[in-house]
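Take a first walk through this protein. Begin with the whole chain, then move to a few of its parts.

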Amino acid sequence: MPDTKPLSSTAGYGEAADTLVEQYESVSFADVHRDVLHLFPVRPSAILDVGAGSGRDAAALAGQGHMVVAAEPTAELRALGQQIHGDREIEWVDDALPEMRIIRSRGRRFDLILLTAVWMHLDALQRALAMKSITDMLAREGRVVLSLRHGPVPAGRRMFDVSVRETADLARGHGLRVVHHSEREDPHARQGVRWSYLGLQQETATDTG
C-alpha cells in the first residue's frame, strides 16, 4: 500500500539541502526583501530569523551589526549554513514553528521576527498556534516580516496557499496590525509562483485608542 502519512512541514528539504542552499544563495538579501527593507531596524537590534535555511538573511543582518538568532529545524541546512556563514556572529538553534519551544523557553524577545518562505508550510491549526508563539517572542512595538508563497507546490513538499486576508485577520487577533502589504514575482523566476509580503507590528495604546 502507498504511504499515506502526511508530509511534515520540513519534508523534502534535508534530501535537497545542497541544491536548495545553492538556490537560496543565488539571490541577495537586498533583492529578496527589497519591498520590505524599510521595515528592518536601523540600530543594532535583536532579530529572529525563523526557517533560516542557508543563513543568507541571518548573515546579512549580522553583518549590519544586529544580534541574530537563526532557527532552522533541518539539520542539513543548518550545517551548511554554519559552514558557509561561519564568519558571521549568528546563534544557530534547532527550533521551529508552531511551538518554538527552545527559544520561547529562554524568554527571549526580538525587535524583528523574520519568516521568509515559512508560513505556507503550516496548516490552519499550526498557523494559529504559530501566531501566538510569534507574539510571545516579540518585543514591545516589535515587527514581523513574512512572505506568503502562491503557486504550484513542488513534488514531495507540504505547502498551503494562505491568503493575505487570513493572515492579517489572524495577526489582528493577536494584537498585531498590518503596516505593509506588497505583491511581487518570484525572485527565482519559477513558473506560476508569486509572493505576498506582509509587515506586522504590535499595537500600542495609541493605536488601539
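Two residues are in contact when heavy atoms of theirs lie within 4.5 Å. Keep that in mind for the chain as a whole. Take the contacts between residues at least 6 apart in sequence: 68% of them join residues at least 24 apart.

The model is predicted. Its mean pLDDT is 89, and 88% of the residues reach 70 or more. One stretch, residues 205–209, has a pLDDT below 50. Beyond near neighbours in sequence, that stretch has three contacts in the model.

Now the overall make-up. The protein has eight helices and seven strands. It has 209 residues, and 50% of them count as buried. The accessible surface comes to about 10,200 Å². Carbon and sulfur atoms account for 50% of that surface.

Start with strand β4, residues 110–115. How many of its six residues are buried? Five are, so the strand is mostly covered; buried here means under 20% relative accessible area. Strand β4 pairs with two other strands discussed here. With β1, residues 46–50, it shares four bridges, and the two run parallel. One pairing to look for is V50, whose bridge partner in β4 is L115. With β5, residues 138–150, there are five bridges, and again the strands run parallel. Here L114 stands opposite V145 in β5.

Follow the chain from β4 to β5. Helix α6, residues 124–137, belongs to this unit. Together β4, α6 and β5 make a β-α-β unit, and the unit is right-handed.

Next comes helix α3, residues 56–63. Is this helix largely enclosed or open? Six of its eight residues are buried, so the rest of the structure largely encloses it. The buried residues are R56, D57, A58, A59, L61 and A62. Just after the helix, G65 takes a positive phi of about 95°.

Look at A59 inside α3. Its relative accessible area is 4%, so A59 counts as buried. Leave aside neighbours within four places in sequence. A59 is then in contact with H85, R88 and I90. Another residue to locate is G81, 22 residues from A59 along the chain. The C-alpha atoms of A59 and G81 are separated by 9.2 Å.

D57, also in the buried part of α3, leads to H33. The side chains of H33 and D57 are joined by a polar contact of 2.9 Å. Where does H33 sit? H33 is in the loop between α2 (29–32) and β1. Although H33 is in a loop, its relative accessible area is 0%, so this residue is buried. Which residues are in contact with H33, leaving aside its neighbours within four places in sequence? They are F40, R56, D57, L114, T116 and Y197. R56 and D57 are among the buried residues of α3. L114 is the residue that stands opposite V145. H33 thus links back to parts already visited.

Finish at V153, in the loop between β5 and α7 (164–172). Is V153 buried or partly exposed? Its relative accessible area is 42%, so V153 is partly exposed. V153 and V193 are 40 residues apart along the chain. Their C-alpha atoms are separated by 9.2 Å.

Terms used. Residues numbered from 1 in each chain as written. Predicted model: local features only at pLDDT ≥ 70, side-chain atom pairs only at ≥ 80, totals over all residues. Heavy atoms only, no water. Buried < 20%, exposed > 50% of the residue type's maximum accessible area, 1.4 Å probe, protein only. pLDDT = per-residue confidence, 0-100. Pairing = 2+ DSSP bridges. Right-handed = clockwise from strand over helix to strand, strands pointing away. Areas by Shrake-Rupley, 256 points an atom, 1.4 Å probe, with all protein chains shown as cover. Polar contact = N/O pair within 3.5 Å; in protein donor to acceptor, adjacent residues only side chain to side chain.
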